[in-house]
Each structure stands twice: as C-alpha cells, then as structure tokens.
Amino acid sequence: MKTDELSNINRREFLVLGSAASCLGIAALASTGAIYRYLMPVVSYGIASKFRLEASALPEVGDGLVFPDQKVMLIRKSDHELGVISLVCTHLGCTVARVATGFQCPCHGSQYDSEGVVVGGPAPQTLAWHTVKVLPGNEVEIDTSSRVDENTYYKI
Ligand code: FES
C-alpha cells in the first residue's frame with residue numbers, strides 16, 4: 001500500500017490490518033521463545049556418585065547409616081571396618097527398606113538378609129556393595145558407581 005492509500009482506508013480495513021499485524025507480532029514472540037528454549041540446554045545433573053562423610057559422623061559399631069538420596073547404607077562392622085551396601089532392589093530397582101532381619105522391598109516383596117543376600121521374593125541377585133575410601137583429613141569417601149564383592153569391608 002502506498003502512503004496516500006493508507007490515508008484513505010476505512011475503519012474495516014484498518015481493523016483487518018491491525019489484527020493481522022497483531023497476529024504476526026504474537027507469532028514472532030512465540031517463535032522467539034521456542035527458539036530460545038531450543039537453544040538453551042535442558043540439563044538435569046543427578047546426584048553425584050561420590051560423596052564424603054566426616055569420620056565423626058560414622059555410625060556406631062554394629063549399626064548402619066542410611067543415605068536416602070544416594071540409596072546406600074554405610075555399615076560399621078567394627079571399630080576399623082566399614083562397608084557400603086546399595087538399597088536398590090535387584091528386581092526392578094525400588095528402594096529397599098531396612099527391617100529387623102535385613103532389607104525388604106516394598107514393591108514386590110523381595111527380602112534380603114542384613115548382608116544383602118536374597119532370602120525371598122523375585123529379586124535375582126544380592127544387593128550391590130560399593131567402595132569406601134579413607135581420605136586424609138578424617139573423611140571417608142563412598143563411591144556408589146563402584147561395585148565390589150558382597151561383604152567387602154574396608155579398614156579405616
Ligand atoms: S522391585 Fe523389589 S521386588 Fe520388585
């Protein structure tokens with residue numbers, strides 16, 4: 001449209017042009033948002049596989065300390081022995097609960113003894129065990145990505 005044509009448009013044409021311009025503006029804003037969202041990475045960092053614990057926070061001898069976020073339990077067998085057992089059921093991955101006789105899975109009822117050996121239910125394997133490393137500065141480090149033989153205790 002030329003300038004002299006714009007000055008001669010009637011009210012209906014003005015509203016149609018205004019509506020079209022508004023729709024184009026909204027579409028441009030929406031596509032800008034979609035492009036921005038596409039270019040920005042959506043990243044979710046899970047829980048780190050290694051975590052540390054002060055030696056003063058270790059459980060009492062004969063007891064265990066559960067770390068719900070990491071789904072492991074630190075077991076103190078004696079004054080100088082630590083072990084880490086996974087709380088992830090080997091059937092379909094539910095988190096097992098600690099019971100008087102060991103561990104029990106709330107999903108399908110698998111039962112494990114206190115060392116993670118299957119004693120009932122559909123679970124096909126013993127609960128996993130992980131490494132514990134003593135660090136300088138009176139700390140221990142637990143690595144939940146590791147896998148060691150069951151009943152592996154580390155000297156502290
Ligand atoms: S997930 Fe534990 S018994 Fe099925």
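**Exercise 1.** Is Lys133 buried, partly exposed or exposed, by relative accessibility?

*Solution.* The model is predicted.
- Step 1: take the cut-offs. Buried means under 20% relative accessible area, and exposed means over 50%.
- Step 2: place Lys133. Its relative accessibility is 46%, so Lys133 counts as partly exposed.
- Step 3: turn to its partner. Lys133 forms a salt bridge with Glu141, with 3.9 Å between the closest N and O atoms.
- Step 4: classify Glu141. At 11% relative accessibility, Glu141 counts as buried.

**Exercise 2.** Find how many salt bridges the model holds, and trace the network that includes Arg52.

*Solution.*
- Step 1: apply the cut-off. A side-chain nitrogen of Lys or Arg must lie within 4 Å of a carboxyl oxygen of Asp or Glu.
- Step 2: count. The rule gives five salt bridges.
- Step 3: check Arg52. Its bridge to Glu139 has its closest N and O atoms 3.7 Å apart.
- Step 4: locate this pair. Glu139 sits in strand 10 (residues 139–148) and Arg52 in strand 1 (residues 50–54). The two are 87 residues apart, and the pair links distant parts of the chain.
- Step 5: name the network. Arg52, Lys133, Glu139 and Glu141 are linked by salt bridges.

**Exercise 3.** Work out which strands the salt bridge between Glu81 and Lys155 ties together.

*Solution.*
- Step 1: check the contact. The side chains of Glu81 and Lys155 meet at 3.9 Å, N to O.
- Step 2: assign the strands. Glu81 lies in strand 4 (residues 81–86) and Lys155 in strand 11 (residues 154–155), so the bridge ties together parts 74 residues apart in sequence.
- Step 3: classify Lys155. Its relative accessibility is 64%, so Lys155 counts as exposed.

**Exercise 4.** Describe the largest pocket by its volume and its lining.

*Solution.*
- Step 1: state the volume. The largest pocket has about 160 Å³.
- Step 2: find the centre. Of the 14 lining residues, Gly62, Met73, Ile75, Arg98 and Ser114 are the closest to it.
- Step 3: sort the lining. Six residues are nonpolar, five polar and three charged.
- Step 4: map the strands. Strand 3 (72–78), strand 5 (97–99) and strand 6 (102–104) each supply at least two lining residues.

**Exercise 5.** Which residues form a nonpolar surface patch with Ile35?

*Solution.*
- Step 1: locate Ile35. It is found in helix 2 (residues 11–39).
- Step 2: check exposure. Ile35 has a relative accessible area of 52%, so it is exposed.
- Step 3: name the partners. Tyr38 and Leu39 join Ile35 in the patch, with about 410 Å² of accessible area together.

Methods: Residues numbered from 1 in each chain as written. Predicted model: local features only at pLDDT ≥ 70, side-chain atom pairs only at ≥ 80, totals over all residues. Heavy atoms only, no water. Patch = residues over 30% accessible without salt bridge, like charges linked within 9 Å, V, L, I, M, F, W, Y side chains within 5 Å. Areas by Shrake-Rupley, 256 points an atom, 1.4 Å probe, with all protein chains shown as cover. Helix = DSSP H or I, 4+ residues; strand = E, 2+ residues; numbered from the N terminus. Buried < 20%, exposed > 50% of the residue type's maximum accessible area, 1.4 Å probe, protein only. 1 Å grid on protein atoms, 1.4 Å probe; cavity = no way out; pocket = protein on both sides within 12 Å on 5 of 7 lines; lining within 4 Å. Points joined across faces, edges and corners; volume = space filled by probe spheres on them. Nonpolar A, V, L, I, M, F, W, Y, C, P; charged D, E, K, R; others polar.
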